[in-house]
Amino acid sequence: MLIIGGELGNSSASVPEDVHRHFAHLHHLGLNTVLVPLSWELIEPNEGTFDMSMLDTVLAEARAADLKVVLLWFGAWKNSMSCYAPEWFKRDTKRFPRAHTRDGKPVEEASALSRNVLDADCRAFCHVLQHLRDNDSEQTVVMLQVENEMGMIEVPRDYSADATALYHSPVPESLMRYLQQHRKTLHPYIAERFHPEVQHGTWDEVFGGDIYAEEIFQSWTYATYVQELATAGRAIYDLPMFVNVALDSRGRQPGQYPSGGPLAQLIDIWRAAAPAIDVLGVDIYDQGYADWTAKYHLPDNPLFIPEIRLADCDAAYALYAFGHHGAMGFCPFSIEDYPLYAEYTSAAAAVDLSRNDQLNAFTAPGEGLSPLAACYRLLRQAEPLIIARQGTDDMDAVLLTDAQREGTIETPDGIRMTIRHSYSLGWEAGAAASSWPEVACMVLRLGRDDYLFIGSGVVVTFADSKAGDVWQKGDVRIGLAKCEEVVIEEDALRVVRTLNGDQTHQGRHMRIPVGQYAMQHVRLYRY
Ligand code: DGJ
């Protein structure tokens, strides 16, 4: 399955009433999966006494709303901090020590090197897996996130005495061996920093002696911890597991951003230390969506976006993630806040009559769904077609931004599709605005010269791949044989309406205006 999902806000699943209300809404929004926090403080309020009632509520409500669940284990760390640990843990700093800054200040971040911390966290985590094993034969829970956005904040690494002693000890043999064995495929960042020739070297000696070497040490520390947790949990109930990362964006240094998290360039360290983790997920709250997604779609890591800032443009981003990167999941954060319906705007009022013809008209009525709801509805319908084409040339997508208003796709049929922002026609109401909304289009090849488009705000023209911009004698031209708006029902396309005339510019292009999410079936011919 694809995770066509969303993540609940941090405090939105702490009482049954909220879960009930939110899940019903998410069902209407068209999600198939919800990511739900499961906090340690709620399930183990007193040491050794477990209360699984909220988890039972989540299971029951998810089943009633026809949703799958990904649980987020907010255990010893949530966004670097240990705020979700129970009160008895927080108060007992002797048993459960904190990490320290360079000047010896304890921070509210548990020490990842403490056996007591690991044992306590692990016992609660295992209790969750045991509970799922015994109470989830329906497999409502499909995956589990281990901790949340781990990473040392304030400083690049823990400077407690234990941590510093380890930092000045030789890098563990198992990591050295792993990096040697995977030398040909290491991420360029690690390949450059790694000094395999150093025998029994410390972290400074093997990785370069700066804050980035310290970050590598910290990532090993977290990842080995996560490995113990995940291994113990999976021995009880073998659920797929992943970790998520806060980005190292905006020119910040380790410690300014959470240091040592599962960043793309640290993937080799995480893979070496935590093979029990299947996927490194990326949380995207920064500018530059296309660049971030490219960084986390790696040969041994499918793209999974457990969190992204909630916005209408997420609909376009979802199409790009699934279509271009073959993503396994896409989940806007705080999804329960997203509306089902868009604010109503009259299509007629939007027509720009100063333009010279009737082509403003695009009369296909939408249902008034908000962008993400409309897009998710189509993605849910196309899910089997998308899964069947993951990793093949029969699927791609373009994302168009204000700066990049045009893209191309070359198909296996030798057809070049030029996909432009639909505002480039100048016919739509927003075209005169100084900045254009991000739009996207996914293309699925159904057969020879036979394509399904899912998108919004795009206009697509077609040419023979061999032809240049200017027609030359002998060039083959590509025309629209048929263009239909469709939906998919019971694995078959159902025509909603045949599109021609103004809607295809009399056969010149395929178009889905801004504001509509639609699926169009296009058959091409050559002349
Ligand atoms: C990323 C975290 O992983 C989420 O739990 C949440 O705190 C968001 N940041 C911001 O609201």
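pLDDT is the predictor's confidence in each residue, on a scale from 0 to 100. The structure shown here is a predicted model. Its protein chain averages a pLDDT of 95, and 95% of the residues score at least 70. Confidence is lowest in helix 14 (residues 347-350), with a mean of 50, while strand 3 (residues 68-78) has the highest value, at 99. Where pLDDT is low, the predicted coordinates should not be read in detail.

Next come the strands and their pairing. Strands of a sheet pair through backbone hydrogen bonds, either parallel or antiparallel. One open sheet in this model consists of four strands in the order 12-13-16-19, with antiparallel pairing. Strand 12 (406-410) and strand 19 (510-512) stand at the edges of the sheet; each has a single partner strand, so one side of each is left without a neighbour there. From one strand to the next, the twist averages 20°.

Within this sheet, strand 12 is joined to strand 13 (residues 415-421) by five bridges. One residue pair in this contact is G407 with its bridge partner I419 in strand 13.

Strand 20 (residues 518-526) pairs with strand 15 (residues 450-456) in the antiparallel sense, and strand 17 (residues 478-489) also runs antiparallel to strand 20. In the first of these pairings, F453 stands opposite Q520 of strand 20. In the second, L480 has L524 of strand 20 as its bridge partner.

The table lists the strand pairs with their bridges.

| Strand pair | Bridges | Sense |
|---|---|---|
| Strand 12 and strand 13 | five bridges | antiparallel |
| Strand 15 and strand 20 | six bridges | antiparallel |
| Strand 17 and strand 20 | seven bridges | antiparallel |

Definitions and conventions. Residues are numbered from 1 along each chain as its sequence is written. This is a predicted model: local features need pLDDT of at least 70, side-chain atom pairs count only at pLDDT 80 or more; totals for chains, interfaces and linings use all residues. Side-chain values use heavy atoms; hydrogens and water are left out. Helices (H or I, at least four residues) and strands (E, at least two) are DSSP runs, numbered from the N terminus. Two strands pair if DSSP finds at least two bridges between them. Axes are lines fitted to C-alpha atoms, for helices over the stretch in contact, and angles run from 0 to 180 degrees between N-to-C directions.
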